[in-house]
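Dear colleague,

I am handing over the structure that follows, with the request that you keep it open while you read. The notes after it set out what was found.

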Amino acid sequence: MAGTILYLENVTVDFDGFKAIQNLNSYIEYGELRFLIGPNGAGKTTLLDVICGKTKLTEGRVIFDNTEITRKSEHEIVKMGICRKFQTPSVFNNLTVFENLELAVQKHRGILASLFRNLTAEQAEKINATLENIGLADQAGVKAGSLSHGQKQWLEIGMQLVQDPELLLLDEPVAGMTKKETEKTGQLLREIAKNRSVLVVEHDMEFVRNFAQKVTVMHEGKILCEGTVDKVQSDPKVIEVYLGRGRENVKH
Ligand SMILES: Nc1ncnc2c1ncn2[C@@H]1O[C@H](COP(=O)(O)OP(=O)(O)OP(=O)(O)O)[C@@H](O)[C@H]1O
């Protein structure tokens, strides 16, 4: 499907007089893998909070899949197809990889109700396809607690994928990962973005360089620059506030 899936228009968030985001405009396409970067405090997390309905706008509007979601609740927004994976893994360590996905696919049920209810053929198929995608098919019966940090992150991405999001929001997915895990995560995100849109907040510039199609750079609540990796890397303002003087914020 071609076209714009997410419209962020004139987005402004005011926390008691402090503008964490100011008149921000940005558009994400169907099937796009977008990276959002910027120094600490730039407003990246606040922007994800706005998209998933956790933080309400002071001004502006958000349109997702042709519907305005500015005033919708978090719950309604999830149901419409926006899922978010936070930085810290929140898988159930005492359940197996399969059981974690089983819970996620039946997201509106409680743990016990989910585990004692048979999956539909479609749900089972979705879980098995996801296990292949996230590279954990051989670990399906393993307790999530015994997975490596990287595998836990992939499981958690899988827990979002079985909910069939149109737009997946990820907060620093490769933080703490080995080089090999980081590479595998990049390939996974590329694969996911073949059918969905993905917005990734990231500080790891090598990862951004290797996998970004388009990058949005934020600074002090505004967009500093937006475009290809080459464009943002050579932008003097970006070099000044992020890649240059703000080096302490960037993992190389
Ligand atoms: N609930 C809140 N109330 C008041 N100020 C807030 C609130 N949430 C965030 N802020 C402020 O808004 C600014 C943007 O914060 P935000 O967490 O969005 O930045 P960020 O780009 O995600 O930074 P980091 O890379 O450190 O996570 C910061 O100055 C922060 O202190």
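Val91 counts as buried, because 23 C-beta neighbours lie inside 10 Å, and 20 or more are enough for that label. This residue is found in the loop between strand S6 (82-85) and helix H3. Leaving aside residues up to four places away in sequence, Val91 touches Asn100, Ala144, Lys152, Leu155 and Glu156. One of these contacts spans a long stretch of chain: Val91 and Leu155 are 64 residues apart in sequence, yet their C-alpha atoms are 7.7 Å apart in space. Please bear in mind throughout that this is a predicted model. The mean pLDDT of the protein is 91, and 92% of the residues reach 70 or more. For the complex, the predictor gives an ipTM of 0.96 and a pTM of 0.91.

Helix H3 itself covers residues 97-105. How many of its 9 residues are buried? The count is 9 of the 9, so H3 is largely enclosed by the rest of the structure. The buried residues include Asn100, which is also among the contacts of Val91. The others named are Val97, Phe98, Glu99, Leu101, Glu102, Leu103, Ala104 and Val105.

On a broader scale, the protein is divided into two domains: domain 1 is made up of 1-81 + 196-251, and domain 2 of 84-164. The C-alpha centres of domain 1 and domain 2 lie 28 Å apart.

The model also holds a ligand. Which residues surround the ligand? They are Phe15, Phe18, Ala20, Gly38, Asn40, Gly41, Ala42, Gly43, Lys44, Thr45 and Thr46. Sorted by class, this shell has 4 nonpolar, 6 polar and 1 charged residues. Strand S2 (18-29) and helix H1 (44-51) each supply at least two residues of the shell, and H1 gives the most, with 3 residues.

Helix H10 (residues 236-244) shows a division between two sides. Its buried residues are Val238, Val241, Tyr242 and Leu243. These residues cover an arc of only 150° around the axis, which puts them on the same side of H10. On the other side of H10, Pro236 and Gly244 are exposed. What do the buried residues of H10 pack against? Their partners are strand S3 (33-37), strand S9 (214-219), strand S10 (222-227) and helix H9 (229-233).

Two residues deserve a look for their backbone angles. Asp16 has a phi near 50°, a positive value in a residue other than glycine. Asp16 lies in the loop between strand S1 (4-15) and S2. Is Asp16 buried or exposed? Asp16 counts as exposed, because it has 4 C-beta neighbours inside 10 Å, and 12 or fewer give that label. Glu220 likewise has a phi near 50°, again a positive value in a residue other than glycine. Glu220 is found in the loop between S9 and S10. With 15 other C-beta atoms within 10 Å, Glu220 is partly exposed.

Lys222 has its place in strand S10, one of the strands that the buried residues of H10 pack against. Lys222 counts as partly exposed, with 16 C-beta neighbours inside 10 Å. Not counting residues up to four places away in sequence, Lys222 touches Gln22 and Leu24. Lys222 and Lys194 are 28 residues apart in sequence and 29 Å apart in space, C-alpha to C-alpha.

Glu32 offers another pair to examine. This residue is found in the loop between S2 and S3 and is partly exposed, with 18 other C-beta atoms within 10 Å. Glu32 and Thr4 are 28 residues apart along the chain, and their C-alpha atoms are separated by 9.5 Å. Not counting residues up to four places away in sequence, Glu32 touches Ala193, Ser197, Gln213 and Lys214.

Yours sincerely,

A colleague

Notes. Residues numbered from 1 in each chain as written. Predicted model: local features only at pLDDT ≥ 70, side-chain atom pairs only at ≥ 80, totals over all residues. pLDDT = per-residue confidence, 0-100. Near = placed C-beta within 6 Å. Helix = DSSP H or I, 4+ residues; strand = E, 2+ residues; numbered from the N terminus. Nonpolar A, V, L, I, M, F, W, Y, C, P; charged D, E, K, R; others polar. Domains from an automatic or database assignment. Arc of directions from axis to C-beta. Contact = placed C-beta atoms within 7 Å.
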